Amino acid sequence: MIRATGLTLRRGNKVLLENTDFVIHPKERVGIVGKNGAGKSSLFALLLGMIDQDAGEVDIPSSWRISHVKQETLVGQQSAREFVIDGDTHLRQLQALRAVVPDTDGQAIAELESELTEAGHWTARSRAEQLLAGLGFTPEQWEQSIESFSGGWQVRLALARALMMPSDLLLLDEPTNHLDLDAMLWLEKWLQHYEGTVILISHDTEFLNAVAKTILNFEAQKLIRYKGDYDSFLTQKAERIRQMQIAIDRQTRETQRLQQFIDRFKAKASKAKQAQSRVKALARMQVLSPIKAESSIDIRIPDPLNMPDPLMIMDKLSVGYTTDQGQKPILKNINLMLRGGARIGVLGVNGAGKSTLIKTIAHELEPLAGEFKPSKGLSIGYFAQHQLDMLDMQASPLTHLQRIADTHSREQELRNYLGMFGFSGDSVNSPITPFSGGEKARLALSLVVWQKPNLLLLDEPSNHLDVETREALATALAEFDGSVLMVSHDRHLLRTTVDSFWIVADGTVLEFEGDLEDYQTWLSNRQQQQKREERDTQVNISNTRKDQKRFEAEERQRKSALRKPLEKRIATIEKTVEQNQARLTQIDTFIADEDFYSEARREERVKLLEEHGNLSRDTSILEEEWMTLLEQIEAINAE
């Protein structure tokens, strides 16, 4: 296990952790959460040996193989597939050794061949291709040179390479930032089946709920451990704050009582001894500090001055790029209307053309064919990640806003506006060079909505934002009276801000009848259909339509018979786990009570702690069985 004892960690003059303890058990999936700047990435640097702690100890088993995503620009002509295989350094070492062993040394060759087989030499290409495909790379891209990919795709390559490495500990820092929804769903499933220990930094709460089974939260320069996913962490933290406040109130009353006794009797000889004992008791009392609820940023998006309806009409529209070789259409024959007040999420697999559509609507690209009919009075606010690179790094937030504001705008008005996006005090006048990605994103968003647009075009607006800022953005968008057209892999943001969806697929854009769960089903069915079509093409199936229907009916019956007992067992497990979790939550409430640790409750405490351990163990076993059953059902469906 990983164990920290008395850990103190500083970055410059800032204390990130002070005298804190924590443990991470083998095969745990741990989410690290906390506000931007709390010290999450510094903790990773410490675990990787890049920095040293200021005090205390951190012990990681020396035998553990640690994998993480390296942040570097990739150059060279090496293919994407070979770059990913390089992540398995042990395999590469064996391959290099095999290349130099003389063919005449039969014994050495035999031993090496055995080691290569054990290291997965014969499956390396297929394993790398599975990782690349899961993260959105097409077979054509597997052979492309790594330097030909853009920054976001290079991050995906680095992630695939880290996953390729056989490891006991996997460190992931915001792994979903450059993934679209289908790649993120694939990564969730991959991590759920990973057999080592995962420590994960993410601001995507749904991703944390899907992957993490334990949360370590930065609180008042400590790392506090919570059992369960992110939603469970929120519930437990709220209860912890409540219990701490009760303890503080009780301590305040006791302090006042002791002080009153001391003040009354410290001058009386008959009471001097008692008064002195009260002074010692007061000195020994450890002052409890309240756990402060982390303050959220209160983003407010100004309402538009007017709202035409419809806002725009797309009639047989084709969008794409114009190159020296001519037009390169990405999407064709788009026939859609965007109504005033509509709130639409744009779905589609990576590379389908979502950003191309948004750029065309934002007038960054010219339509290739058809008509794009904006209504009179249409005012667009466009936010995309590349706009962060267009910020003036030497200018302050106030200077940025003054450049686009009316000359008659008062400085206090501008300051108040920036305050709604989390910029106050010295940060208003400070150059943005040292700002985090989240702070720059907030500034770029504030500049976009200053002009009070009636249509917000948002392309991955939540990248780099911490949880609190994401929640503030979701609230602001939900209260915004204008129209929203958004591309995002943040499922929580989509669920809370959009009412309907467009789907980009098969070279066009259509209205999608359904929600995100329906989209996941659609995506899964589409992938299975593609696999079936590939398989059918390979074996050149020549069955008649009648034979095929009979075969499909028999297959459905066969699969249903295979699934039925598995599904029944899953239902039983889910009911038992739900009961176990309810009882664990009840016991956790007892454990949080200070009186629980009194001598009078010793027998009860022993029984409850034993019950808590048994329930936790049983629940973990049931969850493992549940995942195995789901895999079996998926295997049946994929046949």
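Me: Which residues of β7 sit on each side, and are they buried or exposed?
Reply: In this predicted model, Thr-197, Ile-199 and Ile-201 lie on one side of β7 and Val-198 and Leu-200 on the other, and all are buried. Both faces of the strand are therefore covered, given that buried means under 20% relative accessible area.

Me: Why do the residues split between two sides like that?
Reply: Because side chains in a regular strand alternate between the two faces of the sheet.

Me: How many residues of β7 are buried?
Reply: Five of its five; the strand covers residues 197-201.

Me: What pairs with β7?
Reply: Strand β3, residues 29-33, runs parallel to β7 and is joined to it by four bridges. Strand β6, residues 169-173, also runs parallel to β7, with five bridges.

Me: Which residues line up there?
Reply: On the β3 side, Val-30 has Ile-199 as its bridge partner. On the β6 side, Leu-169 stands opposite Thr-197.

Me: What kind of unit do β6 and β7 make with helix α8?
Reply: A right-handed β-α-β unit, in which α8 spans residues 181-193.

Me: Changing topic to β10. Which way does β11 run against it, parallel or antiparallel?
Reply: Antiparallel, with nine bridges between β10 (residues 312-323) and β11 (residues 326-338). A hairpin through two residues joins the strands, and Thr-323 has Gly-326 in β11 as its bridge partner.

Me: And how does β10 pair with β13?
Reply: In the antiparallel sense, over five bridges, with β13 at residues 369-374. Ile-313 of β10 stands opposite Lys-373 in that pairing.

Me: Now the packing. How many residues are in the largest nonpolar core?
Reply: It has 100 residues, and Leu-157 and Leu-477 have the most contacts inside it. Helix α7, residues 151-164, gives the most to this core, with eight residues. Apart from it lies another core, of 28 residues, including Leu-336, Leu-338, Ala-352 and Phe-372.

Me: What does Leu-477 touch?
Reply: Leaving out residues up to four places away in sequence, Leu-477 touches Ile-301, Arg-343, Leu-456, Leu-458, Val-484, Met-486, Leu-493 and Thr-497.

Me: Back to the 28-residue core: which members can you name that fall in β11 or β13?
Reply: Leu-336 and Leu-338 are in that core, and β11 covers residues 326-338. Phe-372 is in the core too, and β13 covers residues 369-374.

Me: What do nonpolar side chains tend to do in general?
Reply: In soluble globular proteins they tend to be buried together.

Notes: Residues numbered from 1 in each chain as written. Predicted model: local features only at pLDDT ≥ 70, side-chain atom pairs only at ≥ 80, totals over all residues. Heavy atoms only, no water. Buried < 20%, exposed > 50% of the residue type's maximum accessible area, 1.4 Å probe, protein only. Pairing = 2+ DSSP bridges. Right-handed = clockwise from strand over helix to strand, strands pointing away. Core = buried A, V, L, I, M, F, W, Y, C linked by side-chain atoms within 4.5 Å. Contact = heavy atoms within 4.5 Å.
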